[in-house]
Amino acid sequence: QNGDDTGAHCELVNDFLKERGGSEEVHLMVRNTLQTIRGTESLIAGLCHPSLELRKRVLSEMIKFGMPPDPFADGTTTRLRQIVEDEQRVWHNRAAAIISL
C-alpha cells in the first residue's frame, strides 16, 4: 500500500511489539518495508513539505524506525543540501530542507 496510512500502520506494529517485548527481526522488516514503500524521493518530498506537521511525522518515522539507516551515507542529507542551494526551487521547499537538515 502506498499512501498516508503506511506510517500509521508501521507505528501500530511497532507499538504492538513494544508491548510484547519487541523483536529486532520484525523491527528490521518493518523498517525495510517502510523504506521500500516510501523510497528516498518520497522521504525527501516529506522533509521539504511546507506542512510542519507532515515534516514532524516524517522525522518521527525516521527516528523510530531508523530509516534510512544512515542518512549521510545514502545521500539523503546531500539531496537536502542540493535543494537548499537550488535557487530555482520555491522558497518554502528550501526553508523546509534547511529545517530538516
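**Close-up views of a five-helix chain**

**View 1. H2 and H3 cross with a left-handed turn**. The model shown here is predicted. The axes of H2 and H3 come within 10 Å. They cross at roughly 145°. On the H2 side, the contact residues are His-27, Val-30, Arg-31, Leu-34, Arg-38, Leu-43, Gly-46 and Leu-47. On the H3 side, they are Leu-54, Arg-55, Val-58, Leu-59, Glu-61, Met-62, Lys-64 and Phe-65. Sorted by class, this contact holds nine nonpolar, two polar and five charged residues.

**View 2. Glu-61 is a buried residue of H3**. Helix H3 carries Glu-61. Why does Glu-61 count as buried? Its relative accessibility is 8%, and the cut-off for buried is under 20%. Glu-61 is one of the H3 residues that meet H2. Arg-31 is among the H2 residues in that contact. Glu-61 and Arg-31 lie 30 residues apart in sequence. In space, their C-alpha atoms are 9.2 Å apart.

**View 3. Asn-14 of H1 touches His-27, Lys-64 and Phe-65**. Helix H1 spans residues 5–19 and includes Asn-14. Asn-14 counts as buried because its relative accessibility is 9%. The contact list leaves out residues up to four places away in sequence. His-27 is 13 residues from Asn-14 in sequence. The C-alpha atoms of Asn-14 and His-27 are 7.0 Å apart. The three partners of Asn-14 also take part in the contact of H2 with H3, His-27 from H2 and both Lys-64 and Phe-65 from H3.

**View 4. H2 packs on H4 at an angle of about 50°**. H2 covers residues 24–47, and H4 covers residues 76–85. Their axes are 11 Å apart. The angle makes H2 oblique to H4. This crossing is right-handed. Glu-41, Leu-43, Ile-44 and Leu-47 come from H2. Thr-76, Arg-79, Leu-80 and Ile-83 meet them from H4. The contact of H2 with H4 comprises five nonpolar, one polar and two charged residues. Leu-43 and Leu-47 meet H4 residues here, and both also appear in the contact of H2 with H3.

**View 5. The largest nonpolar core has 14 residues**. Which of them touch the most other members? They are Leu-43, Leu-47, Cys-48, Leu-80 and Ala-97. H2, H3 (52–65) and H4 each give two or more residues to this core. H2 gives the most, with five. In soluble globular proteins, nonpolar side chains tend to be buried together.

**View 6. Leu-80 touches six listed partners, Ile-44, Leu-47, Cys-48, Ala-97, Ser-100 and Leu-101**. Residues up to four places away in sequence are not counted. Leu-80 is on the H4 side of the contact with H2. Ile-44 and Leu-47 are on the H2 side of that contact. Leu-47, Cys-48 and Ala-97 are, with Leu-80, among the core residues that touch the most other members.

**View 7. The whole chain, for orientation, runs α-α-α-α-α**. The order is given from the N terminus on. The chain has five helices and zero strands. Of its 101 residues, 31% are buried. Which share of the contacts between residues at least 6 apart in sequence joins residues at least 24 apart? The share is 60%. The pair in View 2, Glu-61 and Arg-31, is 30 residues apart in sequence.

Technical notes. Residues are numbered from 1 along each chain as its sequence is written. This is a predicted model: local features need pLDDT of at least 70, side-chain atom pairs count only at pLDDT 80 or more; totals for chains, interfaces and linings use all residues. Side-chain values use heavy atoms; hydrogens and water are left out. Axes are lines fitted to C-alpha atoms, for helices over the stretch in contact, and angles run from 0 to 180 degrees between N-to-C directions. Helices (H or I, at least four residues) and strands (E, at least two) are DSSP runs, numbered from the N terminus. Angles under 35 degrees count as roughly parallel, over 145 as roughly antiparallel, 65 to 115 as roughly perpendicular and the rest as oblique. A crossing is left-handed if the near helix is turned anticlockwise from the far one by less than a right angle, and right-handed if clockwise. Contact means heavy atoms within 4.5 Å. Ala, Val, Leu, Ile, Met, Phe, Trp, Tyr, Cys and Pro count as nonpolar, Asp, Glu, Lys and Arg as charged, and the others, Gly among them, as polar. A nonpolar core is a set of buried Ala, Val, Leu, Ile, Met, Phe, Trp, Tyr and Cys residues joined through side-chain atoms within 4.5 Å. Buried means under 20% relative accessible area, exposed over 50%, partly exposed in between (1.4 Å probe, protein chains only).
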